[in-house]
Each structure stands twice: as structure tokens, then as C-alpha cells.
Amino acid sequence: MDEYSLKLDKFLMPLISKINNPIILELGVENGRSTKKFLEICNTNNGKLFSVDVKDCSNISNDPRWNFLKTRDDNFKFINSKLPDKIDVLFIDSLHEAIHVKKLFYGY
């Protein structure tokens, strides 16, 4: 198990799996590893996943609980127009620069 999967499986997923009806916003999809794990939780716990990436990752899944948005993750006005009023989980895994992460954290 690589370090990324270890962090997801041992730390993040156990926390999220306790949330009923989770609304998850995932910033950064790439190959969909976290997307697929989030969808498992959404299907088990009646949740919704919103994923954002600048690349077209729409082929990762056709799960009805998944909404893929092809845009920049700091396109707050557009993304917020697609989200419910409240999210339970913000997963930032896009551009790994401190100033960008801070912008996203405070923007959402």
C-alpha cells in the first residue's frame, strides 16, 4: 500500500464513513483513487460527491451520486452555484502550494 492510499484508508475514510448523508467536495481528481473511495462512502451513507478538476475526469465514474465539474478549483462563484448550502467534507488535493490551499480553505 502506497503512502497516499495509507493516508486515505487509515485516517480519512474512517472519519468520513461516520457521517450520515455526507456532502463531499473534492478538489483534484487525477486518476480517481479518492473519488472512488468517496463514492463508496456516499453509496453506503446516502451522500453526494462533487469533484472539481481542470482536466476532464468525467470518465472516472457514472455513479448518480457523483457530480463532476470541469473548472478551476478557485472558481468559487460557479462551484458554489452547483453545491448545496452546506458541505461536510472539503478534500483539497489539487495545487499543493500553501497560498493556493489557503485561498481554497477560506474560500469554501
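**Exercise 1.** Find the residues with the most contacts inside the largest nonpolar core, and work out which element gives the most to this core.

*Solution.* Start with the core itself: it has 16 residues, and those with the most contacts inside it are Ile16, Ile24, Phe38, Leu49 and Trp66. A nonpolar core is a set of buried Ala, Val, Leu, Ile, Met, Phe, Trp, Tyr and Cys residues joined through side-chain atoms within 4.5 Å; buried means under 20% relative accessible area, exposed over 50%, partly exposed in between (1.4 Å probe, protein chains only). Next, look at the elements: helix H1 (3-16), helix H2 (33-45), strand E3 (66-70) and strand E4 (89-92) each give two or more residues. Of these, H2 gives the most, with four residues. Helices (H or I, at least four residues) and strands (E, at least two) are DSSP runs, numbered from the N terminus.

A word on the model: it is predicted, local features need pLDDT of at least 70, side-chain atom pairs count only at pLDDT 80 or more, and totals for chains, interfaces and linings use all residues. Residues are numbered from 1 along each chain as its sequence is written, and side-chain values use heavy atoms, leaving out hydrogens and water.

**Exercise 2.** Decide how strand E2 is covered and how E1 joins it.

*Solution.* First, check burial: five of the six residues in E2 (48-53) are buried. Then follow the pairing: five bridges join E1 (residues 23-27) to E2, and the two run parallel. (Strands pair if DSSP finds at least two bridges between them.) Finally, pick one pair: Glu26 has Ser51 in E2 as its bridge partner.
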